[in-house]
Amino acid sequence: FNNVYRGSSVTSTQFSLAVRDAYVRNYLDTGDLNATLSVYSSVTYNSYSMSCSDNGQFVTCTGGNNAIVYIV
């Protein structure tokens with residue numbers, strides 16, 4: 001889970017990295033590849049719910065205000 005990509009123009013690089021970090025922490029704690037996370041944005045100063053699911057090749061996280069993050 002070292003690479004992270006923004007999946008929409010409204011998703012900031014900072015938020016993408018925060019989602020990746022939260023996802024990895026959750027995975028290390030639980031072993032679950034699918035998760036719903038609360039992620040803080042240093043850009044908007046709000047927390048957003050992000051639903052993440054693994055498809056076997058990469059993880060897609062969606063939520064917030066139309067945010068999309070891909071984790072590989």
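Buried residues make up 31% of the 72 residues in this chain. That is where I want to start today. One caution before we go on: this is a predicted model.

Let's get the overall picture. The chain has 1 helix and 5 strands. Reading along the sequence, you meet them in the pattern β-α-β-β-β-β. The radius of gyration is 11 Å, close to the 11 Å from the globule rule for 72 residues, so the chain is as compact as a globular protein of that length. The C-alpha trace spans about 30 × 20 × 20 Å along its principal axes. The accessible surface is about 4,300 Å². Carbon and sulfur atoms account for 46% of that surface.

Now the sheet. In what order do the strands sit in the sheet? The order is β1-β5-β4-β3-β2. It is an open sheet of 5 strands, and the pairing is antiparallel. β1, residues 4-6, and β2 are the edge strands, so to speak of them simply: each pairs on one side only. Neighbouring strands are turned by 25° against each other on average, ignoring direction. And the helix? α1 packs on the sheet and touches β1, β2, β3, β4 and β5. The direction of α1 makes about 135° with that of β2.

A quick reminder on what holds a sheet together. Strands pair through backbone hydrogen bonds, and they can do so parallel or antiparallel.

Let's walk across, starting at β1. β1 and β5 run antiparallel and are joined by 3 bridges. Find Tyr 5 on your screen: Tyr 70 in β5 stands opposite.

Next pair: β5 and β4. They are antiparallel too, with 5 bridges. Gly 63 stands opposite Ala 67 in β5. These two strands make a hairpin with 3 residues between them. In that turn, Gly 64 has a positive phi of about 55°. Asn 66 is in the loop between β4 and β5 as well. Asn 66 is not a glycine, yet its phi is positive, at about 65°. Is Asn 66 buried or exposed? Its relative accessibility is 65%, so Asn 66 counts as exposed.

On to β4 and β3. They run antiparallel, and 5 bridges join them. Here Met 50 stands opposite Gly 63 in β4. This hairpin has 4 residues between its strands. Gly 56 in the turn has a positive phi of about 100°.

Last pair: β3 and β2. They pair in the antiparallel sense over 6 bridges. Leu 37 stands opposite Met 50 in β3. Again there is a hairpin, with 6 residues between the strands. Look at Tyr 45, in the loop between β2 and β3. Its phi is near 65°, a positive value in a residue other than glycine. Tyr 45 has 60% relative accessibility, so it counts as exposed.

Now go inside. Nonpolar side chains in soluble globular proteins tend to be buried together. How many residues does the largest nonpolar core have here? It has 15. Those with the most contacts inside it are Phe 15, Val 19, Leu 37, Val 39, Met 50, Cys 61 and Ile 71. Which elements supply this core with at least two residues each? They are α1 (13-30), β2 (35-40), β3 (47-54), β4 (59-63) and β5 (67-71). α1 gives the most, with 4 residues.

Take Val 39 as an example. Leave aside its neighbours within four places in sequence. Val 39 is then in contact with Phe 15, Ala 18, Val 19, Ala 22, Asn 46, Ser 47, Tyr 48 and Met 50.

One more stop: β5. In a regular strand, side chains alternate between the two faces of the sheet. β5 shows this alternation. Ala 67, Val 69 and Ile 71 point to one face and are buried. Ile 68 and Tyr 70 point to the other face and are not buried.

Finally, contacts along the chain. Count those between residues at least 6 apart in sequence: 37% of them join residues at least 24 apart.

To recap: an open, antiparallel sheet of 5 strands, with α1 packed on it, and a largest nonpolar core of 15 residues. Thanks, everyone.

Note on methods. Residues are numbered from 1 along each chain as its sequence is written. This is a predicted model: local features need pLDDT of at least 70, side-chain atom pairs count only at pLDDT 80 or more; totals for chains, interfaces and linings use all residues. Side-chain values use heavy atoms; hydrogens and water are left out. A nonpolar core is a set of buried Ala, Val, Leu, Ile, Met, Phe, Trp, Tyr and Cys residues joined through side-chain atoms within 4.5 Å. Buried means under 20% relative accessible area, exposed over 50%, partly exposed in between (1.4 Å probe, protein chains only). Contact means heavy atoms within 4.5 Å. Two strands pair if DSSP finds at least two bridges between them. Axes are lines fitted to C-alpha atoms, for helices over the stretch in contact, and angles run from 0 to 180 degrees between N-to-C directions. The radius of gyration is taken over C-alpha atoms; the globule rule is 2.2 Å times the number of residues to the power 0.38. Accessible areas come from the Shrake-Rupley method with a 1.4 Å probe; for residues, only the protein chains shown count as cover.
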